[in-house]
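Visitor: Please take one part of this model and give me a close, connected account of it, working outward to whatever surrounds it.

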Amino acid sequence: MVGGPANAERLKDLASIAGVRNNQLIGYGLVVGLDGSGDQTTQTPFTVQSIINMLGNLGITMPPGQTLQLKNVAAVMVTANLPPFARPGQQIDVTVSSMGNARSLKGGTLVMTPLKGADGQIYAMAQGSLAVSGAGGAAPSGGKITVNHLAAGRIPGGATVERAVQTDVGQGSVVHVELNDADFGTAQNAVDAINRLVPGSAVALDGRRIQVMAPQDPGQRVAFLGRLESLDVTPAIQAAKVIVNSRTGSVVMNQKVALQNCAVAHGSLTVTVTNEQQVSQPNPLGQGQTAVTNKGGVDIQQDGGTLFNIKGGTNLADVVKALNAVGANPLDLIAILQAMKASGALRAELEVI
């Protein structure tokens, strides 16, 4: 048995067929049957209005000016993804999220909720019991504990598709393969792999889109696209890049990052703030009162930074070894990498997220 090329990936992992995509659905509904953990209706008037409208549709008329004090109902947003080629009668999963101030949706039941697409048309109807993976409790004194998130849950197979979305896989004898990440080298490698399967059938239109000649017969086209997605394609070597998360101090770099010879001096700045309480006692025969005063102080110390000579590295291991020689923490490393990039010593794209 002969394996695929080294570092090769399936085309379906690198690209998708144009037109084959999910569609987002959204709806507004009510969850009932909660154990006293629903919305506080005095603060969420839309929950009361929704209940009155729902009862009206069921033939129940509320007296004018009636005030409802509900505890077992919560207003929610229902979201779902309509997969490609979904047909009426199929079931899809839905996510139910609280909109008001309900403490928990655990044990609740979503009543019939229409799910609409971006065009305003109804594509599915959702209803069912929620699965909330969490628990919580509160003490009379006010203390409470919560495990996981109780304000959202899922209903597996909770929506039934009512309308299909027309999905055209290509027009005529042409289909388009779109890479997940634009890259001219990967696009050319994909074209070469497709042309080895069917000579002269593929051409790259740009760094992301590939035009492929495909059979017009639906059965033959499906079989052809199945073979197409299983092709082994070797991705092109990505550009050198360093990703820096300034909020968490995380630094990630790929294997093509390189350093040129440079010298780095990095010193630490320490700021110490003190607060000492002092008690002032009056004289034994005096008429004064005992007083408490605060005596504060601020001390700033800067440690001398040592100048490190960092040798240029041509691979990731050498780069990591050179940066570790500085002895800086991740937050300090961010500043060092930015300075290296500004000086031209860092041979990579620096992206801050």
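Guide: On the face of helix H5 turned away from its buried side sit the exposed residues Ala317, Lys321 and Asn324. Here exposed stands for over 50% relative accessible area, buried for under 20% and partly exposed for what lies in between, with a 1.4 Å probe and protein chains only. Helices (H or I, at least four residues) and strands (E, at least two) are DSSP runs numbered from the N terminus. The model is a predicted one, in which local features need pLDDT of at least 70 and side-chain atom pairs count only at pLDDT 80 or more, while totals for chains, interfaces and linings use all residues. Residues are numbered from 1 along each chain as its sequence is written, and side-chain values use heavy atoms, with hydrogens and water left out.

The buried residues of H5, which spans residues 316-324, are Val319, Ala322 and Leu323. Viewed down the helix axis they fall within an arc of 95 degrees, so they line one face of H5; the arc is taken over the directions from the helix axis to the C-beta atoms. An α-helix has 3.6 residues a turn, so residues three or four places apart point the same way.

From the helix we can turn to the strands. Six strands close into a barrel in the order E3-E4-E5-E10-E7-E6, with antiparallel pairing, where two strands count as paired if DSSP finds at least two bridges between them. Neighbouring strands of this sheet are turned by 30 degrees against each other on average, direction ignored; the axes are lines fitted to C-alpha atoms, for helices over the stretch in contact, and angles run from 0 to 180 degrees between N-to-C directions.

Following the barrel round, strand E3 (residues 23-32) is joined to strand E4 (residues 74-82) by 9 bridges, the two running antiparallel, and glutamine 24 has asparagine 81 of E4 as its bridge partner. E4 is in turn linked by 4 bridges to strand E5 (residues 91-98), again antiparallel, with valine 76 partnered by serine 98 of E5. Strand E10 (residues 152-161) meets E7 antiparallel through 3 bridges, among them one that pairs alanine 126 with alanine 159 of E10. E7 (residues 122-129) and E6 pair in the antiparallel sense over 6 bridges, with leucine 110 opposite glycine 128 of E7. The hairpin of E6 and E7 has 5 residues between its strands, and there glycine 120 takes a positive phi near 85 degrees. E6 (residues 109-116) is also joined to E3 by 3 antiparallel bridges, in which valine 32 has threonine 109 of E6 as its partner.

The loop between E4 and E5 holds phenylalanine 85, which has a positive phi of about 65 degrees although it is not a glycine. Phenylalanine 85 is partly exposed, with a relative accessible area of 40%. This residue also belongs to the lining of the largest cavity, together with Arg21, Asn23, Leu82, Pro83, Pro84, Ala86, Arg87, Val165 and Thr167.

The structure holds 1 cavity of 30 Å³ or more, and about 40 Å³ of space lies in the largest cavity. On a 1 Å grid over the protein atoms alone, a cavity is a set of points where a 1.4 Å probe fits but cannot get out, whereas a pocket is an open set with protein on both sides within 12 Å along at least five of seven lines, and lining residues have an atom within 4 Å of a point. Grid points are joined across faces, edges and corners, and a volume is the space filled by probe spheres set on the points. The cavity lining divides into 6 nonpolar, 2 polar and 2 charged residues, with Ala, Val, Leu, Ile, Met, Phe, Trp, Tyr, Cys and Pro counted as nonpolar, Asp, Glu, Lys and Arg as charged, and the others, Gly among them, as polar.

The second largest pocket, with a volume of about 260 Å³, brings back two of the barrel strands: E3, helix H2 (45-57) and E6 each supply at least two residues of its lining. Included in that lining are Tyr28, Leu30, Asn53, Met54, Val111, Met112 and Gln127, and the whole lining divides into 6 nonpolar, 6 polar and no charged residues.

Beside the barrel there is an open sheet of 4 strands in the order E2-E11-E13-E12, with antiparallel pairing. Its edge strands are E2 (15-17) and E12 (202-204), each pairing on one side only, and the twist averages 25 degrees from one strand to the next. Within this sheet, 5 antiparallel bridges join E11 (residues 174-179) to E13 (residues 209-213), and valine 174 is partnered there by methionine 213 of E13.
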